[in-house]
Amino acid sequence: MSASEPFVHLHLHTHYSQLDATIRIPQLMQQVRDLGMNSVAITDHGNLHGAFQFYKAAKKNGIHPIIGCEVYVAPGDHREKSKVPGRKVADHLVLLAENDEGYRNLVKLVSIGFTEGHYYHPRISKTLLAEHSSGLIGLSACLSGEIPRLIIARRQSEARQVAEEYREILGEGNFFLEIQNHGMIDEEVVRSGLADLSRLSGIPLIATNDCHIHHPEDLFAQRVAIGIGRGKTLEQLHRDFSYSEAFAVRSAEEMYRLFPEMPDACRRTAEIAARCRVEFKTDQYHLPIYRKTEGKSLEEFLRITSREGLEDRLRLEIPRRHPREDYFDRLDYELGIIEQMGFPGYFLVVWDFIHHAQTHDIPVGPGRGSAAGSVVSWALGITDIDPLEYDLLFERFLNPSRISMPDIDIDFCQRKRDQIIEYVREEYGEASVAQIATFNVLKAKSAVRDVGRVMDISLQDVDRIARLIPDDLGMTIEQALKESEELRSLYEGDDIVHQLVETAGRLEGLTRHTGVHAAGVVIAPEPLANLVPVFRSSTGDICTQYDKDDIEELGLLKMDFLGLRTLTVISDAVDSIHRSEDPELDLRKIPLDDPAVFELFATGDTDGVFQFESSGMKEALRNVQPKVFTDLAALNALYRPGPMDFIDDYAARKHGKKPIRYIFPELEDILGETYGIIVFQEQVMRIAQAIAGFSLAEADILRKAMGKKKKEIIDEQGAIFIKG
């Protein structure tokens, strides 16, 4: 294979969990393509946080992804947490997944490293590796690997013993001696020692490059990034910063030039890359199994339980706009869709833990979001809102034309939320339930402040510069320089400000640190570490290493268990009323047309009322003067960036100060209650149905595209709408 051939594997660190690199995955894929290569590897230190996003980005760009990890190997048992004088806490070892079995084993190893072996680093042991070695390819790693360390210490015979031990663990042809050339003196010693070791042992050499930056000019930003991650200034980092411009992404030609006497090591890199073939499965679900069906099938048990629940709902003496048969017709329609899509077990799992909450004095919210459009959810007590009464559409929740996991957000009393999570762990297995990682990224202002701190610029000066960046959502450094004349003037006229702002621009968007999702909980049918990598948070909770979007895309059940203070307050208030005023008070029977309540809202006297207590919302209430429940629902929907521009228009139309006109007469039935303004997502769907002949399932695709601002889908659906 010649130096110009494109198949070259790069040893890459993206470091989703720490600021150890300034590599961005989308830019990396473009760079790899520009260099004429078609293969690249991810080998984060000790974690797999970025593996799935890396895989998706590579596939999208026609790049062959290699999934790996630079693991930490303990000198003895990975569970032993004590320092031995003269021994490292852990050595590095690169593991690449050759196939799907290898990926599963890598997931287990990385997960165990966090849950059992964490001591300074998430560590595994050689014994553990031997138990989960199938499908894995090992490389001896950088200067921090055990074999290079022994060579530097002139302990060549021990280095050979370790190399042969790894060959035995991983199998013949699955372990390689890794040579690198970043211009470091120790690397020369190691390359020579590894070449000798290869001749003596027969273990082949492989050439790699350790990439921590995209381009040589990113080196200063890389140094600052490490300063941010370690909480140090550039001066404090001076002695222990070991990276150089050589840690940039290199082309195939450059790699061959770096190893003129070892061309086989470069060719072997491509051979190994070709061997690594991992496919993430996104076309199957991993739903927890509901087992308490009393000998009936899931479908039969769900039908019986939901019909009984609907009967109970309809026994309440509450005025309703729809006859009884409409509810049962809708229930049967929904159950048919749920069965067709394979989700009866999902609904029973959700019903199970909500039923547990309701029978164990754990306050549960009435439901929100698209799940409120389901009669099945209402009948099971998952939600408390009558979908027919408020014209809520089931297709917005579950759509057979758009197969995706149902999404039910559930609010629990803040004080007792942990009791529900504990019940779920007991019921479905502690190893099968986890919380979810979040990645906190550097945004424009925070990047400026962090960079300024590392550069040791005074807080006053940094604050002045950061304040010049507009507060708009999604603001970038590049956009801020266009919009803020004062910032641009400082940037162009002051060298230090120029370096500060430019460096912040290179770092914005990088992951600053890993956190835990405030509400997300994953429930799996088997131990999660069999499916996705997990880690242990600072509070001791097990969490998935992938974020909520990746978890859902991989077919796992993600639930939002939000602890809501308002529910705690309401619960305490109801308990107090039951004791002192009205033992029979039932929140489900409270009328929604009480004039005294609307008077409170109209005067903005809404302190402590969930989502109505901000100063801006109080002003909107005084402007609109709500008199019916729909006004409150409309304000709740409108009071968010973008739609809030229509609040004044809504008020003017309501009070007759502005005429209400409908482009089509059919719109009056749909938009009449909101004075001709599209406020609710259901209205978008109804309009598509009435004006353009969409089915409700088709209308939901348009609604979702609009909500997610997916222009290509909006354009496509817009053409269909106009034609209809």
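Which residue forms a salt bridge with Glu422, and how far apart are the closest N and O atoms? I started the notebook with that. The model is predicted.

**Entry: Glu422**

I looked up the partner and found Arg425. The closest N and O atoms are 3.7 Å apart. I counted this as a salt bridge because the cut-off is 4 Å between a side-chain nitrogen of Lys or Arg and a carboxyl oxygen of Asp or Glu. Both residues sit in helix 16, residues 417–428. They are 3 residues apart there, so about one helical turn separates them. I then checked the cover on each. Glu422 is partly exposed, at 34% relative accessibility. Arg425 has a relative accessible area of 16%, so I noted it as buried.

I also noted a network. Arg303, Arg307, Asp332 and Glu339 are joined into one by salt bridges that share partners.

**Entry: other salt bridges**

The count by this rule is 49 salt bridges. I picked out two more pairs.

The first is Glu146 with Lys126, at 3.0 Å from N to O. This pair links distant parts of the chain. Glu146 belongs to helix 5, and Lys126 to helix 4, residues 126–131. The two are 20 residues apart. Buried or exposed? I checked both residues. Glu146 is buried, and Lys126 is buried too.

The second is Asp411 with Arg368, at 2.9 Å from N to O. Here too the pair links distant parts of the chain, with the two positions 43 residues apart. Asp411 lies in strand 11. Arg368 lies in the loop between helix 14 (344–359) and helix 15 (375–380). Asp411 is buried, at 8% relative accessibility. Arg368 is partly exposed, with a relative accessible area of 32%.

**Entry: the sheet with strand 11**

I followed strand 11 into its sheet. In what order do the strands of this open sheet run? The order is 11-16-13-12-15-14, 6 strands with mixed pairing. Strand 11 (409–413) and strand 14 (534–536) are the edge strands, and each pairs on one side only. Neighbouring strands are turned by 50° against each other on average, direction ignored.

Next I looked at what packs on this sheet. Helix 3, residues 100–115, touches strand 14 and strand 15. The direction of helix 3 makes about 10° with that of strand 14.

I then went through the pairings of strand 12, residues 433–441. Strand 12 runs parallel to strand 15, residues 542–544, and 2 bridges join them. Gln435 has Cys543 in strand 15 as its bridge partner. Strand 12 runs antiparallel to strand 13, residues 511–523, and 8 bridges join these two. Val441 has Thr511 in strand 13 as its bridge partner.

A reminder to myself: strands of a sheet pair through backbone hydrogen bonds, either parallel or antiparallel.

**Entry: positive phi**

Most residues other than glycine have a negative phi. I looked up two residues with a positive one.

Ala141 has a phi of about 80° and is not a glycine. I found Ala141 in the loop between strand 7 (136–139) and helix 5 (146–152). Its relative accessibility is 2%, so Ala141 counts as buried.

Asp456 has a phi near 65°, also positive in a residue other than glycine. Asp456 sits in the loop between helix 17 (444–454) and helix 18 (459–467). Buried or exposed? I looked up Asp456. Asp456 counts as exposed, because its relative accessibility is 61%.

**Entry: the surface**

Which residues make the nonpolar surface patch of about 270 Å²? I found Tyr390, Leu592 and Phe629. Phe629 is in helix 26, residues 629–638. Phe629 has a relative accessible area of 36% and is therefore partly exposed. That passes the patch cut-off, because patch residues need over 30% relative accessible area.

**Entry: Gln479 and Ala688**

Last, one long-range distance. Gln479 and Ala688 are 209 residues apart in sequence. In space the two are 36 Å apart, C-alpha to C-alpha. Gln479 lies in helix 19, residues 477–483. Gln479 is partly exposed, at 31% relative accessibility.

Notes. Residues are numbered from 1 along each chain as its sequence is written. This is a predicted model: local features need pLDDT of at least 70, side-chain atom pairs count only at pLDDT 80 or more; totals for chains, interfaces and linings use all residues. Side-chain values use heavy atoms; hydrogens and water are left out. Patches are made of residues with over 30% relative accessible area and no salt bridge: like charges are joined within 9 Å, nonpolar side chains (Val, Leu, Ile, Met, Phe, Trp, Tyr) within 5 Å. Accessible areas come from the Shrake-Rupley method with a 1.4 Å probe; for residues, only the protein chains shown count as cover. Helices (H or I, at least four residues) and strands (E, at least two) are DSSP runs, numbered from the N terminus. Buried means under 20% relative accessible area, exposed over 50%, partly exposed in between (1.4 Å probe, protein chains only). Two strands pair if DSSP finds at least two bridges between them. Axes are lines fitted to C-alpha atoms, for helices over the stretch in contact, and angles run from 0 to 180 degrees between N-to-C directions. Contact means heavy atoms within 4.5 Å.
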